[in-house]
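Work through the exercises below with the sequence and the model open. Try each task before reading its solution.

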Amino acid sequence: MNYTKILGTGSYLPERVMLNSELEAMVDTSDEWIQARTGIKERHIAREDETTCDMCEQAALNAIQAADIDPSEIDLIVLATSTPDLIYPSTACLLQARLGVSNTCAAFDVQAACSGFVYAFSIAEKFIQSGSVKKALVVGADANSKILDWTDRGTCVLFGDGAGAIILEASDEPGVYATRLHADGSHAHLLQVPSGVSKPTGDPFIRMSGNEVFKFAVNAMGSIVDETLQECGLSKSDIDWLVPHQANQRIIKATARKLGVTMDKVILTVAEHGNTSGGSIPLALDTGIRDGRIKRGDKLFLEAVGSGFTWGSIVLKY
Ligand code: COA
């Protein structure tokens with residue numbers, strides 16, 4: 001059996017930073033409310049002409065450089081996004097061409113909203129485990145600002161834009177210890193962008209029942225801790241870092257409590273990034289690795305919950 005290791009990580013955030021104070025001028029909210037309820041202070045917003053693929057390209061180039069590989073070595077591209085540049089081709093195919101490796105590997109998108117990166121990573125890991133892929137590029141990115149209703153205070157204060165990427169490689173030793181994926185489509189109405197292609201309702205913005213999503217997220221993230229550790233035979237004390245999806249600091253604190261880690265063992269980027277959906281975990285991972293907190297050999301617990309509902313986790317040794 002082949003294990004999967006992270007060879008390198010990269011990320012990208014748009015240049016423009018939007019502070020909570022700017023939102024105060026747009027909707028009936030306050031910096032104090034946003035920080036107290038979510039932990040968010042600011043978020044990055046893509047330029048009007050800046051696309052998800054533009055952000056993915058920068059993050060991917062960063063990860064390729066960190067992994068010290070040539071793009072031609074990549075056997076597979078899996079890209080998690082809910083805000084693709086086009087309906088088709090996939091953003092993964094657009095990215096493949098940008099990287100100059102057209103026709104050298106399979107490339108496809110995964111749509112699992114805020115759990116997208118955990119889904120994409122798990123899929124790539126299965127390809128590596130089976131022996132059919134040696135090196136995979138996994139990218140998570142979203143341009144949430146393009147699907148926000150800037151008059152809806154229940155959503156527009158929560159989200160941001162950004163991308164993260166990792167290069168995975170087959171290895172003789174762990175690697176990834178466990179991946180868990182879940183979905184429960186019966187909750188679709190609680191967090192959705194109602195408009196689509198075959199069902200164009202005319203409402204192309206994120207709609208959310210915040211409080212119900214919050215309660216589901218806290219429960220799902222709590223139960224996935226036990227389930228994942230049980231699967232890989234590790235205990236809570238084995239985990240060095242929690243690298244969570246960055247939606248809300250209160251959800252993250254509840255998960256950290258459940259995992260028995262103090263907040264100084266959590267990579268927290270929600271204050272500066274807001275919720276970047278597919279980009280959130282790889283952005284946090286890259287932040288923790290580049291600032292030297294996450295070191296080779298550390299055991300990481302990654303977890304996310306998103307629209308669907310979808311949720312999942314990964315335990316790995318960096
Ligand atoms: N500024 C000020 N007040 C706001 C507000 C804002 N931006 N957004 C909502 N409110 C108000 C509500 O209208 C409500 O007012 P009311 O009591 O007069 O009706 C009050 O704040 C409380 O709303 P509620 O939704 O119960 O607050 P909450 O404590 O649940 O916090 C969220 C709201 C959105 C921060 C929280 O529910 C949350 O984070 N949910 C999960 C979101 C998430 O993670 N989504 C992505 C999942 S991947």
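Three exercises follow, on the sheet, on one helix and on the ligand site.

This is a predicted model, in which local features need pLDDT of at least 70, side-chain atom pairs count only at pLDDT 80 or more, and totals for chains, interfaces and linings use all residues. Residues are numbered from 1 along each chain as its sequence is written, and side-chain values use heavy atoms, with hydrogens and water left out.

**Exercise 1. The sheet**

Task: Find the strand order of the open sheet, then state which strands stand at the edges.

Solution.
- Step 1. Take strands as DSSP runs (E, at least two residues), numbered from the N terminus. Two strands pair if DSSP finds at least two bridges between them.
- Step 2. Read the order. The five strands run 1-7-6-4-5, with mixed pairing.
- Step 3. Look at the ends. Strand 1 (3-12) and strand 5 (106-110) each have a single partner strand, so one side of each lacks a neighbour in the sheet.
- Step 4. Add the twist. From one strand to the next, it averages 20 degrees. Angles run from 0 to 180 degrees between N-to-C directions, with axes fitted to C-alpha atoms, for helices over the stretch in contact.
- Step 5. Check the pairing of strand 1. Strand 7 (residues 161-171) is antiparallel to strand 1, over nine bridges. S11 faces G164 of strand 7. G10 is opposite A165.
- Step 6. Place a helix. Helix 10 (residues 280-290) packs on the sheet and touches strand 1, strand 6 and strand 7. Contact means heavy atoms within 4.5 Å. The direction of helix 10 makes about 90 degrees with that of strand 1.
- Step 7. Test burial (under 20% relative accessible area; 1.4 Å probe, protein chains only). Seven of the 10 residues of strand 1 are buried, so strand 1 is largely enclosed by the rest of the structure.

**Exercise 2. Helix 4**

Task: List the buried residues of helix 4 (residues 91-98) and say what they pack against.

Solution.
- Step 1. Helices are DSSP runs too (H or I, at least four residues).
- Step 2. The buried residues are T91, A92, L95 and Q96. Their arc around the axis is only 145 degrees, which puts them on the same side of helix 4.
- Step 3. Their partners are helix 3 (52-67), strand 4, strand 5 and strand 6.

**Exercise 3. The ligand**

Task: Which residues around the ligand come nearest?

Solution.
- Step 1. Count a residue if one of its heavy atoms lies within 4 Å.
- Step 2. Of 24 such residues, T29, R37, R153, N211 and N248 come nearest.
- Step 3. Seek polar contacts (N or O pairs within 3.5 Å). A polar side-chain atom of T29 is 2.7 Å from a ligand nitrogen atom. For R153, a polar side-chain atom is 2.9 Å from a ligand oxygen atom.

Terms used. Buried means under 20% relative accessible area, exposed over 50%, partly exposed in between (1.4 Å probe, protein chains only). The arc is that of the directions from the helix axis to the C-beta atoms. A polar contact is a pair of N or O atoms within 3.5 Å; within protein, one must be able to donate a hydrogen and the other to accept it, and residues adjacent in sequence count only if both atoms are side-chain atoms.
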